[in-house]
Structures are given as C-alpha cells and as structure tokens.
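Thanks for coming. I'll talk through one structure this morning, starting with charged pairs and then moving on to helices and a few loops. Please have the model open while I speak.

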Amino acid sequence: LIKIFRMKIFKILFFYLLFIIYSLEILLFFFVTENNLSKKQIFNKRIEIAKKKGIEYDSRSREEAFLDLKKINKDLKPAFYYSPVFRFSKVFKDAKKNNKIIPFRGPINSKSLTCAEDLKYKLITNDKYGFKNSNSIYKKEINSMLLGDSFAEGNCELSENDIAGNLTKKGFNTVNFGVSGTSPLVSLGIMREFGKTIKPKNFIYLYYEGNDLEGLNWEKKDSHLINYINDNYNINYLEKYDEINYFLKLSSFESIAYINQFKKNENFNKKNNFKIFKENLIDILELKKIKYIIRHSLLRKKHTKYDLDLFFLIIKKMDLEARKHNANYIFVYVPHFSRYISFPKSPSLKETMNLKKDIINEIEKMNISTVDLTNFFDESENVKQYYPLGYIGHFNGSGYKKISEIIVNKLN
C-alpha cells in the first residue's frame, strides 16, 4: 500500500511539474517576443512610419517592382552576389561542383534594382566589371577602392548618394567594389584580382559587426575563396569575362524564373493558418523558449563560434596587399543599428557587438589606419536621421554622406 501511495504521489507531482513547465512555455510564447522580427513585420512598420509622416511610399514587393519596371527597362537584370544568398541556386551549385568560375558580382553593363528601405525603389548602374559604378569613373585616376558588404555597396541608394559617390564628389575619385551579403574573404579576393589594374591610392574596407564574422564561417568553407589566404593565389579574373558573362546569363534566367513564379502565386512564400498553428504547437511541445532561455541566458552558451584568428589574418593579408601596390589600407568599423534604434538582439549579434573592443585593439596593434564609426554615432544627438525613415536598415543618403566625411580625413 505504501508503494502504491508513493507511486500516486509521484505521478501527481510529475503531472503538476509538467503542467507548470508547459504553462510557463505557453506564457513565454505569448508574452516574450522573438529576437528577430520577420521581414513582413519590418515592412509593415515602415509603412506605418511613412503614413504617420505623410510620405508617399511603394507597397510593392521587390519581385513585383522588378517585373513592372522590366517592362519599360529592357536593360534591367537581377543582381548577383558571391554570397550565401545564392548558395541554394542551381547555377551556383553547378558551378561549384564543376569548378567553374563564379563572379564576385553582377550584372555587367546593365541596370539592377535597389532594395527599398525608404519604400522607394531605384535603378542602379552596374559597370563593365559588374560592380555598382558608372563606367565613366574609370576615365580618371582612381583615388580609392571601397570594399565590404552591403554597407560598402550602399544598399538602397543611388551611386551618387552612397559612400563612394560622396567621396568622389569631394574630389577623391572612388570605385565601389562592395558586394552585398559578403564577408572579408570576398573583399580580399577582389583586392587580389583587381588591385593591380585599378591601382588606387587607398583601399577602404568596411567591417559590419552585424554579420561579417558569421558570414566568414560560410566563406572559409569555400575552397576557392579560402585560397586567397595564399599570397600568390589568383585566377586571372579579368581575363575570364566570357566565362563570367555566361554564368551571369544563366543566373539571370534562373532569378527571373523565380521572380515570375513568385508573381504567379501570391502565396508562394506565405504559410496558411493551419500550418502556422501546427508549427507553433510543435514549438510549445518541444519547450523551445524554455530551452532557449536555459541555453543562452542561464548557461550562457555561445550561439556561434567565430574564427577571429582567421579574421585577423585576412585583415593582415589585406594590409599587405595594399602595401604591395604602394597604397594605404583603411579599416572602417560599422556598428549595427540596434546600438541606436530599439530592436531585439539575437545572442549571436550580442556576441559580435561585445567583440568590438577586442577587434579595434587588434587592428590598431597591426598599425592599420582605423575608423570606428561608433565614436561618431555614440555622440550624435539624432542618430535616426541617418537611417531610412528613422528606422532600422542600412544608412540613408545622409548617413552615407556623413560616413564619407569621416573617412575623408584618412585618405591620401
């Protein structure tokens, strides 16, 4: 009888424990926000801000805008970047499998569509190499080459309003070799392949604390990109534009096919209510939020492992590459917008933001010219004026202009 009584007590306690745990999980599900807002939530917030400010806005998706503008701009082509964004592309995967050349960026000598964080789409010009420049930039001696990801490329702004464009206006003829979605290995590769031809006086590399270290984890697994660590490695990129054009042609067909499919089916990327309910229920049953809190808050488990040794080696190789061309190398630290605008931070983002001091100190130990943009933005009374609609995203024209004013003091 005692054993039976104990078993009953144990079952009751176990039931109450499960009840408490799942009740807590349900409360966390309804009242604790995710670390990342969905693209739809961010888009809706931008529209809300635009309405409050009385600003005209474009509510089309990027796919819809592309197809509409393609009808009147036959020269318009989809953009391509040597980045994880295209890792699932069949054209990209086939090229990797068959050891074919993959361009850093495209299209070549064509227009492409910007993003619209200010809810206004724009057409940008891509030069003879596939980067965001007008070919006329090469008619004069190049003072600086701008490298990095989407912040260097100047996402969502026209060429004349990005960092390279503003530096050019100030008399420092600057080519934009930024490639959205990339990390430092791509920038090192661009320096190696284009440096001896462009011959700039300054190589300016923008490091973005938001995702560059995470992106490096992808880049270092690429057998081609990782080879740029070797001082003499190059593929004579400029001599292979027949192959590059062929790849970009295939990539363009593939991207347009995807865009057309997206247009045909308005629910292509939408989940029905039952599927959403099912996924949420599974998350609750698996105690997803409680596990997340235990793992990252109580145990303080690191979200991602970053290869800082490789990162610093790449920066050192960039500096050596610049010296090879008798040029100045400048490292620019770009802060994440969540330092200044309220936005949920993921554990991985918190980790990279906390590495800022270590990164700046190590770069300065290398005697590399350094610009820490947080020094300016931390003291700015109205940081939001430098972001589209005063909300999250890349910088707007005013932000890129201000950054160019800060960088210009470091140029030769």
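A salt bridge, for this talk, is a side-chain nitrogen of Lys or Arg within 4 Å of a carboxyl oxygen of Asp or Glu. Side chains of opposite charge can pair when their charged atoms come close. Please keep in mind that this is a predicted model.

How many salt bridges does a search of the whole structure find? The search gives 17 salt bridges. I'll go through a few of them.

Take Lys317 and Asp231, whose side chains meet in a salt bridge at 2.8 Å, N to O. This pair links distant parts of the chain, with the two positions 86 residues apart in numbering terms: Lys317 sits in helix H12, residues 308-324, and Asp231 sits in the loop between helix H8 (212-219) and helix H9 (241-264). Is each partner buried or exposed, or something in between? Buried means under 20% relative accessible area. Lys317 has 14%, so Lys317 counts as buried. Asp231 has a relative accessible area of 42%, so Asp231 is partly exposed.

Next, Asp372 and Lys356, where the side chains form a salt bridge at 2.9 Å, N to O. This pair also links distant parts of the chain: Asp372 is in strand E9, residues 369-372, and Lys356 is in helix H14, residues 356-365, 16 residues apart. Asp372 is buried, with a relative accessible area of 12%. Lys356 counts as buried too, at 19% relative accessibility.

There is also a network of salt bridges, and the residues linked in it are Lys45, Glu48 and Lys52.

Now the helices. Two packed helices are described by the angle between their axes and the distance between the axes. We have met H12 and H14 as the homes of Lys317 and Lys356. How do these two helices pass each other? The crossing of H12 with H14 is right-handed. Their axes come within 11 Å and cross at roughly 35°. On the H12 side, the residues that meet H14 are Phe311, Phe312 and Ile315, and on the H14 side they are Asp358, Ile359, Glu362 and Ile363. Sorted by class, this contact has 5 nonpolar residues, no polar ones and 2 charged ones.

The second helix pair is H7, residues 184-198, with H8. These two pack at an angle of about 70°, and their axes are 8 Å apart. Angles of 65 to 115 degrees count as roughly perpendicular, and H7 and H8 are therefore roughly perpendicular to each other. Pro184, Leu185 and Val186 of H7 make the contact with Asp212, Leu216 and Glu219 of H8. By class, that is 4 nonpolar residues, no polar ones and 2 charged ones.

That leaves the loops. Please find the one between strand E3 (110-113) and strand E4 (123-126), where Thr114 lies. Thr114 is buried, with a relative accessible area of 4%. What does Thr114 touch, leaving aside its neighbours within four places in sequence? Thr114 is in contact with Arg62, Lys120, Tyr121, Lys122, Ile124, Cys156 and Glu157.

Ala116 lies in the loop between E3 and E4 as well, and Ala116 is buried at 15% relative accessible area. Its contacts, again without neighbours within four places, are Tyr121 and Cys156. Ala116 and Ser61 are 55 residues apart along the chain, and their C-alpha atoms are separated by 9.2 Å.

Leu119 is another residue in the loop between E3 and E4. Its phi is near 65°, a positive value in a residue other than glycine. With a relative accessible area of 1%, Leu119 is buried. Lys122 comes up once more here, since its side chain and that of Asp118 meet in a salt bridge at 3.0 Å, N to O. Both Lys122 and Asp118 are buried.

A positive phi also turns up at Leu389, near 60°. Leu389 is in the loop between helix H15 (374-377) and helix H16 (397-407), and it is buried, with a relative accessible area of 12%.

Last item: which peptide bond is cis, with omega near 10°? The bond from Gly106 to Pro107 is. Pro107 lies in the loop between strand E2 (105-106) and E3.

That is the end of my part.

Terms used. Residues numbered from 1 in each chain as written. Predicted model: local features only at pLDDT ≥ 70, side-chain atom pairs only at ≥ 80, totals over all residues. Heavy atoms only, no water. Helix = DSSP H or I, 4+ residues; strand = E, 2+ residues; numbered from the N terminus. Buried < 20%, exposed > 50% of the residue type's maximum accessible area, 1.4 Å probe, protein only. Contact = heavy atoms within 4.5 Å. Axes fitted to C-alpha atoms, helices over the stretch in contact; angles between N-to-C directions. Left-handed = near helix turned anticlockwise from the far one by under 90°. Nonpolar A, V, L, I, M, F, W, Y, C, P; charged D, E, K, R; others polar. Parallel < 35°, antiparallel > 145°, perpendicular 65-115°, else oblique.
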